[in-house]
Amino acid sequence: MDFGRSSRKDPYIPTSSMGDIAFLLLIFFIVTVVFTDESGLVVTLPRADAGEEGLRDMISNVFINSAGMISIDDVIVTAPDVVSIMAQKMQENPFMIVAFKTDKHTPYGVVSDVMESLKEANAIKVFFNTDMEITGQEF
Amino acid sequence: MGVLDKRKKKRDPGEIPMASTSDVAFLLLIFFIVMPMKADEIGLSLVLPGKETKENTVKVKQSNVATIKISYNNVITFDKQPMPLAQLEQAIRDRLLANSKTVIILETHPDADYGMMVACLDEIKLSDARKVSLKTTKI
C-alpha cells in the first residue's frame, strides 16, 4: 500500500492574477475620476473654524475676485446674468449647491447681488468656501 | 572553422522585465483612489429663503430678533452695541440661553468685506444658532 508515502502539498494563495485585478481596478478609477477643468479667478478665501465638507459632485462654482468680477464656468458675467445661467443649471440638477469662491476683500454688495439672482433662479442652497487658497487665471 | 562558429551564434532576444508591472499598477491605483478624496470642498453652508412671496414670508417678534450689523468700515455691532469678533460667539450663546426662539439677523453693509461677513457667520455657526438670516444694508 502507498498510503504512508503520500505527502500533502503546502496550501498557497495564487497571486498570479493580482496584476490583472490591479489593472482592472486602475481602468475603473481612471474612467470614473473627474478632474475639474475650471480655472476660475485668483481668490484668497476667508478662514473659518466651523467649516464643513461639501459634496463636490453637487457643487457649481461662482468665483468673485477682490475687484468684484464674477466668473461662472470660466466666463466673466454680471450679477443679472447669473439668473439665467443658474436657472439652466438648476434644470439640469435640482439638487445643485452654489459654492461661493470669493476673495475675502470683495465688497459684500457684489456677493449680495449674486445671492439675489440665485433666489430668482431658485438656487437657494449656497456654500461659502473657506480656508483654501485657490489659484487660477489672472484678470 | 572560425567562419562556421560565427554563423552558429544566435543573438539573445532582448526581454522587457514584467515582474514590476503589477507594482506600478498598484501605485497608479492608489493615486487615482486618493486624488478625488483630497479635493474636498470646505466651507459654510446656508439655505437662502427663496423668492419673496406671501406664503414664505414669516413675521418674527422684535423681541426674538438679534441683529448683528457690519458697517462699511467692518465694525461689528450686536444689538447696537459695538462688539469685537472674538466675543461674538459668547454673546450669541448668552442670547440663545435667555431666549431659545432668537433669530439671528446678519446685516452687512455692501461696502464691508465679504471676509468679515464669513467671519461673523462662522461665529454664528460655532454658537449653534439654528435660525440665521442674511440681510444687506441699503445704501
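Two strands count as paired if DSSP finds at least two bridges between them. Helices (H or I, at least four residues) and strands (E, at least two) are themselves DSSP runs, numbered from the N terminus. Everything here comes from a predicted model, where local features need pLDDT of at least 70, side-chain atom pairs count only at pLDDT 80 or more, and totals for chains, interfaces and linings use all residues. Residues are numbered from 1 along each chain as its sequence is written, chains are lettered from A and ligands numbered from 1 in the order in which they are written, and side-chain values use heavy atoms, with hydrogens and water left out.

Let's start with the sheet that the two chains share. It is open, has seven strands with mixed pairing, and runs β2(A)-β1(B)-β7(A)-β6(A)-β3(A)-β4(A)-β5(A). At the edges stand β2 (52-54) and β5 (75-77) of chain A; each has a single partner strand, so one side of each is left without a neighbour in the sheet. On average, neighbouring strands are turned by 40° against each other, direction ignored.

Now look at β1 (residues 41-47) of chain B. With β2(A) it pairs in the antiparallel sense over three bridges. Here Glu52(A) stands opposite Gly43(B), and Gly54(A) has Glu41(B) as its bridge partner. β1(B) also pairs with β7(A), again in the antiparallel sense, over five bridges; Phe127(A) is the bridge partner of Ser45(B) there.

Helix α3 (residues 108-120) of chain A packs on this sheet, touching β3, β4, β6 and β7 (125-129) of chain A, where contact means heavy atoms within 4.5 Å. Its direction makes about 170° with that of β6(A). For such angles, axes are lines fitted to C-alpha atoms, for helices over the stretch in contact, and the values run from 0 to 180 degrees between N-to-C directions.

What about chain B as a whole? There are four helices and six strands in chain B, in the order α-α-β-β-β-β-α-β-α-β from the N terminus. Of its 139 residues, 34% count as buried, meaning under 20% relative accessible area, with exposed over 50% and partly exposed in between (1.4 Å probe, protein chains only). Among contacts in chain B between residues at least 6 apart in sequence, 70% join residues at least 24 apart.

Finally, helix α2 (residues 21-38) of chain B holds Val34(B), which is partly exposed with a relative accessible area of 38%.
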